[in-house]
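Please open the model in your viewer and keep the selection panel at hand. The tour proceeds by selections, each followed by an account of what is found there.

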Amino acid sequence: KKLAVFVSGGGSNFKKIHEGCSSGLVKGDVVLLVTNKKDCGGAEFARSNGIPVLVFPKQQRESSDGLSPKELVDVLNRYSVDFVLLAGYLKLIPVELVQAFPKRILNIHPALLPAFGGKGLYGMRVHKAVLASGARYSGPTIHFVDEEYDTGRILAQSAVRVIANDTPEELAQRVLHEEHKLYVEVVAAICEERIQWREDGVPLIQSKE
Ligand code: GRF
């Protein structure tokens, strides 16, 4: 399967997914990297690995030559993209893209949705909110993307214990470690078409025989 990954930052999840593809664990290829930050770590990694980089959306001051959402969809189709994977992409996905790729866009969030998500809850703020709440567990959530932030159908989660005296940074690091494992497993599953949609709309991952 052909994958497009969207990043805004360091891109550690993207690197793990790319690694999974190279090792054969994931039967897919990252054919395009999309970023709103043209010099971020994820974009640099893509360039040095021969993966084309597309900047979307462009910064406001350069917006005159930016792609429209419709043109972004056209580019993804030109690359025959099967799945779009958001991995630390901090912009809202245009509705045109959501509609063009139904059930084919995934996002990873660093807490157990539906708690601790939504607009404005990203990065370290998420982990601070988890610690402030007194929750005993956190962990990554991978979900399908709809028109809002963090509200699409949950596909996979994994639990990370909150330790007394955790700092947001320490918790973030342990959650990120789980994110890497979970995202690679889930991407392997979607590439092998091991997602089953229950009648009530809940997606389930079938384990490998
Ligand atoms: C991850 O914590 C992810 O859950 C969140 O942004 C972070 C991205 O990290 N959406 P990286 O760029 O993959 O290292």
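In which loop does Pro-114 lie? Select Pro-114 and follow the backbone to either side: Pro-114 belongs to the loop between S5 and H5. The model is predicted, and every angle and contact given below is computed from it.

**The loop between S5 and H5**

With Pro-114 still selected, add Leu-113. The peptide bond from Leu-113 to Pro-114 is cis, and its omega is near 10°. Then select Phe-116, which lies in the loop between S5 and H5 as well. Phe-116 is not a glycine, yet its phi is positive, about 60°. Most residues other than glycine have a negative phi, and most peptide bonds are trans. Is Phe-116 buried or exposed? Phe-116 counts as buried because 21 other C-beta atoms lie within 10 Å, where the cut-off for a buried residue is 20 or more.

**Helix H5**

Continue along the chain and select residues 124-133, which form helix H5. Colour Val-126, His-127 and Val-130, the buried residues of this helix. Now turn the view to look down the axis of H5: these buried residues fall within an arc of 95°, so they line one face of the helix. Their packing partners are strand S6 (137-138) and H6. On the face of H5 turned away from the buried side, select Arg-125 and Ala-132, which are exposed. Just after the helix comes Gly-134, with a positive phi of about 80°.

**The nonpolar cores**

Next, select Val-5, Ile-17 and Val-187. These are the residues with the most contacts inside the largest nonpolar core, which has 43 residues. Helix H6 (residues 168-191) provides the largest share of this core, eight residues. Centre the view on Ile-17 and set aside its neighbours within four places in sequence. Which residues are then in contact with Ile-17? They are Val-5, Val-26, Val-30, Leu-85, Tyr-183, Val-184 and Val-187. A second core, separate from the largest one, has ten residues, including Val-126, Val-130, Val-162 and Val-175. Two of these names, Val-126 and Val-130, were met above among the buried residues of H5.

**Helix H2**

Select residues 41-48, helix H2, and within it the buried residues Gly-42, Ala-43 and Ala-46. These residues cover an arc of only 100° around the axis, which means that they lie on the same side of H2. Display strand S1 (2-7), helix H1 (12-23), strand S2 (29-35) and strand S3 (53-55) to see what the buried residues of H2 pack against. H2 is followed by Gly-50, whose phi is positive, near 70°.

**A second cis peptide bond**

From S3, move to the loop between this strand and helix H3 (69-78), where Pro-57 is placed. Select Phe-56 together with Pro-57: the peptide bond from Phe-56 to Pro-57 is cis, with omega near -15°.

**The ligand**

Now select the ligand and display its surroundings. How many residues surround the ligand? The shell consists of 14 residues, and the closest are Gly-9, Ser-12, Asn-13, Gly-88 and Pro-110. H1, strand S5 (105-109) and H6 are the elements that give two or more residues to this shell. H1 contributes the largest share, three residues. Colouring the shell by class shows six nonpolar, seven polar and one charged residues.

**The loop after H6**

Follow H6 to its end and select Glu-193, placed in the loop between H6 and strand S10 (195-197). Glu-193 has a phi near 55°, a positive value in a residue other than glycine. Is Glu-193 buried or exposed? Glu-193 is exposed because 11 other C-beta atoms lie within 10 Å, and a residue counts as exposed at 12 or fewer.

**The whole chain**

Finally, zoom out and colour the protein chain by secondary structure, which comes to six helices and eleven strands. Taken along the principal axes, the C-alpha atoms fill a box of roughly 50 × 45 × 35 Å. A compact globule of 209 residues would have a radius of gyration near 17 Å, and the protein chain agrees with this at 17 Å. Of the 209 residues, 36% count as buried. Among contacts with a separation of 6 or more, 66% join residues 24 or more positions apart.

Key. Residues numbered from 1 in each chain as written. Predicted model: local features only at pLDDT ≥ 70, side-chain atom pairs only at ≥ 80, totals over all residues. Core = buried A, V, L, I, M, F, W, Y, C linked by C-beta atoms within 7 Å. Helix = DSSP H or I, 4+ residues; strand = E, 2+ residues; numbered from the N terminus. Contact = placed C-beta atoms within 7 Å. Arc of directions from axis to C-beta. Near = placed C-beta within 6 Å. Nonpolar A, V, L, I, M, F, W, Y, C, P; charged D, E, K, R; others polar. Rg over C-alpha atoms; globule rule 2.2 N^0.38 Å.
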